[in-house]
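What follows is a guided reading of a single model, moving from its interior to its helix contacts, its charged pairs and a few individual positions.

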Amino acid sequence: MSGPIDMDNLDIAKEVLKRKFLVGLLDNKRGSFARFDHYFKWKESPKYASEFGCRKQLMDEKYVPKHPVRKGSETWNLLMEQNRFDIHLYDYAKELFVQQSFIFGL
């Protein structure tokens, strides 16, 4: 695909995300890992208990951006404009996360 992205491309991306992806969110790591455990049946793995320490470390890590951008700054506004379709898709992914929570009973 080449050329500018438009709303039709966004709609296609949303449909692919809905049909093909199990959504996990960095700002809800515990809920995401619970979902992955359930979907991939990780708890049935004989290595599950021994891998818990690694998983706990991943869940407890805090993300700190190396170069934070101040909301409302010129850089922020340029990034928002340049990535507007990505932002719409991310917002949709957050909605899917909630919808999938009901599907998995989590």
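In this predicted model, the largest nonpolar core is made up of seven residues, namely Leu17, Val23, Leu25, Tyr92, Ala93, Leu96 and Phe97. The largest share of this core, four residues, is supplied by H5, the helix that spans residues 84-104. Because membership of such a core requires a relative accessible area under 20%, each of the seven residues, from Leu17 to Phe97, counts as buried. Tyr92, one of the core residues, can also be followed outward through its contacts, for beyond its sequence neighbours up to four places away it touches Lys14, Leu17 and Lys18. Of these partners, Leu17 is itself listed in the core.

A useful position from which to continue is Gly24, which is placed in the loop between helix H1 (7-20) and helix H2 (29-40). Is Gly24 buried, exposed or partly exposed? Its relative accessibility is 36%, and because partly exposed covers the range between the 20% and 50% cut-offs, Gly24 counts as partly exposed. When residues up to four places away in sequence are set aside, Gly24 touches Ser32, Phe36 and Phe97, and the last of these, Phe97, belongs to the nonpolar core described above. Gly24 can also be placed relative to Gln100, since the two are 76 residues apart in sequence while their C-alpha atoms are 9.9 Å apart in space.

The next step leads from H2 to helix H3, which covers residues 52-60. The axes of H2 and H3 come within 9 Å and cross at roughly 145 degrees, and the crossing in which H2 passes H3 is right-handed. Which residues bring the two helices, H2 and H3, together? On the H2 side they are Lys29, Arg30, Phe33 and Asp37, and these meet Arg55, Leu58, Met59 and Asp60 on the H3 side. Sorted by class, the contact of H2 with H3 has five charged and three nonpolar residues, with no polar residue.

Between these two helices, H2 and H3, runs a loop that contains Lys41. Most residues other than glycine have a negative phi. Lys41, by contrast, has a positive phi of about 55 degrees although it is not a glycine. With a relative accessibility of 48%, Lys41 counts as partly exposed.

The charged pairs may be taken together. Side chains of opposite charge can pair when their charged atoms come close. How many salt bridges does the structure hold? There are three, and one of them joins Glu15 to Arg19, with the closest N and O atoms 2.5 Å apart. Because Glu15 and Arg19 are four residues apart in helix H1, they are separated by about one helical turn. The two partners fall into separate accessibility classes, as Glu15 is partly exposed at 35% relative accessibility, whereas Arg19 is exposed, with a relative accessible area of 64%.

Another salt bridge is formed between Glu81 and Arg84, for which the closest N and O atoms are 2.8 Å apart. Glu81 is partly exposed, with a relative accessible area of 48%, and Arg84 is likewise partly exposed, at 37%. The remaining pair consists of Lys94 and Asp91, whose side chains meet in a salt bridge with an N to O distance of 3.6 Å. Lys94 and Asp91 are three residues apart in helix H5, and they are therefore separated by about one helical turn. Lys94 has a relative accessible area of 33% and is partly exposed, and Asp91, at 33% relative accessibility, also counts as partly exposed.

Two further positions help to convey distances across the model. Gln99 is placed in helix H5 and is partly exposed, with a relative accessible area of 40%. The C-alpha atom of Gln99 is separated by 25 Å from that of Asp60, a residue 39 positions away along the chain, and Asp60 has already appeared among the H3 residues that meet H2. Cys54 is found in helix H3 and counts as partly exposed at 48% relative accessibility. Cys54 and Asn83 lie 29 residues apart along the chain, and their C-alpha atoms are separated by 33 Å.

Notes. Residues numbered from 1 in each chain as written. Predicted model: local features only at pLDDT ≥ 70, side-chain atom pairs only at ≥ 80, totals over all residues. Heavy atoms only, no water. Buried < 20%, exposed > 50% of the residue type's maximum accessible area, 1.4 Å probe, protein only. Contact = heavy atoms within 4.5 Å. Salt bridge = Lys/Arg side-chain N within 4 Å of Asp/Glu carboxyl O. Core = buried A, V, L, I, M, F, W, Y, C linked by side-chain atoms within 4.5 Å. Axes fitted to C-alpha atoms, helices over the stretch in contact; angles between N-to-C directions. Left-handed = near helix turned anticlockwise from the far one by under 90°. Nonpolar A, V, L, I, M, F, W, Y, C, P; charged D, E, K, R; others polar.
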